[in-house]
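Here is a quick tour of one protein chain, with an eye on charged pairs, one helix and the nonpolar interior. Have the model open while you read.

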Amino acid sequence: MINMAGQQRGPRDKKPQQKTAHAGHSKAGDKGKPKHAKSHSQKPFKRPNSAPGKSPSAISTQKPHPKKRQAAHDNGARKKHKDNPETVEINQSIAQFASRKQFQEAQAAFDNAVARKLANSYTYVNMMNVCVRCGDMDQAWTVFSSMKEAGIKPDVVAYTTLLKGLCGEGQLTKAMEIVAEMEANKVPLNVRTVNTLLRGCILVGDVATAETIFDKTLGRWKLTPDASTWEYMIALLCRNLQLKKALNLFGKGILASGSQVSENSSTLLNLARAAMLLGDRDTAEKYIAMTRVCLEQEEKQPDDDKNAPVEEGGKRGRGTDSASRKESLAVFLKIKRADLRRELTAMEAYNHDTAALIDMFKKIFLLPLVQDDKPLATSCSMKVLDSMGLRALLKKHNMENNIEDKFSSRLREESNRLRLRKVFGKEAKAYPLKIEICSGAGEWIVSQAKKDPQARWMAMEIRHDRVYQVFTHAVFSGVDNLCIVGGDAAMAIRDHLETDLADFIFINQPEPPQQTGGAAATTQAKHLLTQPFLTNCVQLLKPGGRLTIVTDNKWYATLLLKTVAKLTDVEGVRLKKQQTVESIGAIHIYMGHPPKECGIADEHSSSYFDRLAKHDNIRASQGTYFLSIARASS
């Protein structure tokens, strides 16, 4: 599904969300870590009978350093302090509004707390989190500034919330400036801050910045990486085909965190992928086998006990004890294991072909989320070379690097618009062009492209890690009639694709602008499928071309129906065999999945969300809906 920034939701997003908001009575250092959580290697603490040269009584009666006594006194004072019950209640309500992306309700509660002088640091942090989740970074900055003006010094939680918003928009440079501010203000970072920054690096594929962050984590910041930190760093290195570095880090991670690194199936799969793409089949098969063993071990372990030592900066540090979250986690893990096994099977059947692989690399266009001063062809080529691993592949095979020239020839010099004839070849010009906007991990579009070789397919996805997944799925599936455009779909369609280009456009499972939508619900968070964006999609279609949107959220389907009905130059598509749920004029919401006449090549291919519905009773009961419209022929 598409999130508030316009990207496709993928399997990882379906993990139960950690609750980062604070009710107002917990300490800033408490990260929701269960009391029973401990490392596999941790041993019960035993008090020594004696210390060298000292008796047991001397140890127990020894007076602490004066500064330590003062720190203990301060901690005791903080423990005695209790927040106003009204403040706690307001903070809890704002946190709930954040989870539902209900900005207006949250703003009213926040304004009420400030006016009545009930707001504490958690009130401001929770409101910042609302702004971040709703995609309003300008307002998040306003709340952050007002926090300072109220005389409340931002702590690591406040700064990390701000960093979460910046990293979610790909603003890594600005995020690192905030880190410098934290250091200047002597606000110590924690591992949650580090992992927030690394997730920002994953979003845009910035390996170099991630390495800098990791080096500072071990050095200047003196922090201990947790399981997520190791996983993120190894994944980034593997996606850039820096296999030697990744294996070295994998070894260090095992020494530091044991089985949390060595038995991480995602990490093992990343190592196998990188080795296979580099043509190192022996190493690839070794890690494929290790991944299979790891998956078998996971299946023997109860799903609610996976990775029992919950780490401070991980994603599942909060709220995992509720029945609904445990059920959601169990479903997620079951689907994830099945997906990993399918990919392992595809990798084992893959025959490495360096020339074909390099040709596929040249069909990736990574548009920057934050504009820079470089020519677009230079920016695109550098990203493919230094975040997707093409440079490492060329170096291994001693091949000439002329990738920038290739990208220059595939972009119109005067307009920076993509020249598909150069991407797919002259002979493919007569083939229809089918585009999936926000392709996620790519299962659906790769399956469609493989079933439909007489069409040109284009995947569009904002997240770099998912672009990589689409790419590897295509490579291991032997699909070569697919190109990938990474970056903001709204900008890509408006600025880098010609009008009258596509025969079919698909948008599968967009994320609603609210998590809960009733009859009176309004759109309060940023989302991709606005009227201007859909207007640009219609202009991207050839006359008579079709746009199809699929969702499992009835409220959102109705909202989209109202939006689509306002578009000009469109016609409704009448599908006699499909059940009509709701209509505005000739525009209809249909029940079920789109048929072949909407441009679908493989009606039996499934996305992650289709598989989720088969195992999740609540989601299955919601049903699936779709809208299909055509650009007017005249």
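Glu211 and Lys245 pair up through their side chains in a salt bridge, with N to O at 2.8 Å. Glu211 sits in helix H10 (residues 207–218) and Lys245 in helix H12 (residues 243–257), so this contact links distant parts of the chain, 34 residues apart. Keep in mind that this is a predicted model. Glu211 is partly exposed, at 23% relative accessible area, and Lys245 is partly exposed too, at 42%.

How many salt bridges does a search of the whole structure find? The count is 22. Here are three of them, side by side.

| Pair | N to O distance |
|---|---|
| Glu211 and Lys245 | 2.8 Å |
| Glu343 and Arg273 | 2.5 Å |
| Arg494 and Asp495 | 2.9 Å |

Take the Glu343 and Arg273 salt bridge, with N to O at 2.5 Å. Glu343 belongs to helix H16 (residues 323–348) and Arg273 to helix H14 (residues 265–277), so their pairing ties together parts that are 70 residues apart in sequence. Are these two buried or exposed? Both Glu343 and Arg273 are buried.

Arg494 and Asp495 also form a salt bridge. Arg494 has 46% relative accessibility, so it counts as partly exposed, and Asp495 is partly exposed as well, at 26%. Elsewhere, Glu299, Arg337 and Arg341 are joined in a network of salt bridges.

Now for helix H11 (residues 227–239). With 13 residues at 1.5 Å a residue, H11 should span 18 Å, and its end C-alpha atoms are indeed 18 Å apart, so the two agree. How many of the 13 residues of H11 are buried? It turns out to be 13 of the 13, so H11 is largely enclosed by the rest of the structure. At the start of H11, Asp226 puts a side-chain oxygen within 3.0 Å of the backbone nitrogen of Ser228. Just after H11, Leu241 takes a positive phi of about 55 degrees.

UniProt has something to add here. In an unreviewed entry, it lists residues 120–154 and 155–189 under "repeat: PPR". In the model, the span 120–154 is 74% helix and 0% strand, and its end C-alpha atoms lie 11 Å apart. The span 155–189 is likewise 74% helix and 0% strand, with its end C-alpha atoms 9 Å apart.

On to the interior. In soluble globular proteins, nonpolar side chains tend to be buried together. The largest nonpolar core here has 172 residues, and those with the most contacts inside it are Phe361, Ile437, Met458, Met460, Phe471, Leu482 and Phe533. Which residues does Met460 touch, leaving aside those up to four places away in sequence? Among them are Ile435, Ile437, Cys438, Val485, Ala489, Ile493 and Leu497, and the list also includes Glu436 and Ser439. A second, separate core has eight residues, including Phe332, Leu333, Ile335 and Tyr608.

Tyr608 comes up again with Gln509: their C-alpha atoms are separated by 9.8 Å, although the two residues are 99 apart along the chain. Gln509 is found in the loop between strand E5 (502–508) and helix H25 (531–540). Despite that loop position, Gln509 has 4% relative accessibility, so it counts as buried. The side chain of Gln509 also reaches the backbone nitrogen of Asp552, at 3.3 Å.

Key: Residues are numbered from 1 along each chain as its sequence is written. This is a predicted model: local features need pLDDT of at least 70, side-chain atom pairs count only at pLDDT 80 or more; totals for chains, interfaces and linings use all residues. Side-chain values use heavy atoms; hydrogens and water are left out. Helices (H or I, at least four residues) and strands (E, at least two) are DSSP runs, numbered from the N terminus. Buried means under 20% relative accessible area, exposed over 50%, partly exposed in between (1.4 Å probe, protein chains only). A polar contact is a pair of N or O atoms within 3.5 Å; within protein, one must be able to donate a hydrogen and the other to accept it, and residues adjacent in sequence count only if both atoms are side-chain atoms. A salt bridge is a side-chain nitrogen of Lys or Arg within 4 Å of a carboxyl oxygen of Asp or Glu. The expected span of a helix is 1.5 Å times one less than its number of residues. UniProt positions are given in the numbering used here, feature names are shortened, and annotations may be inferred rather than shown by experiment. A nonpolar core is a set of buried Ala, Val, Leu, Ile, Met, Phe, Trp, Tyr and Cys residues joined through side-chain atoms within 4.5 Å. Contact means heavy atoms within 4.5 Å.
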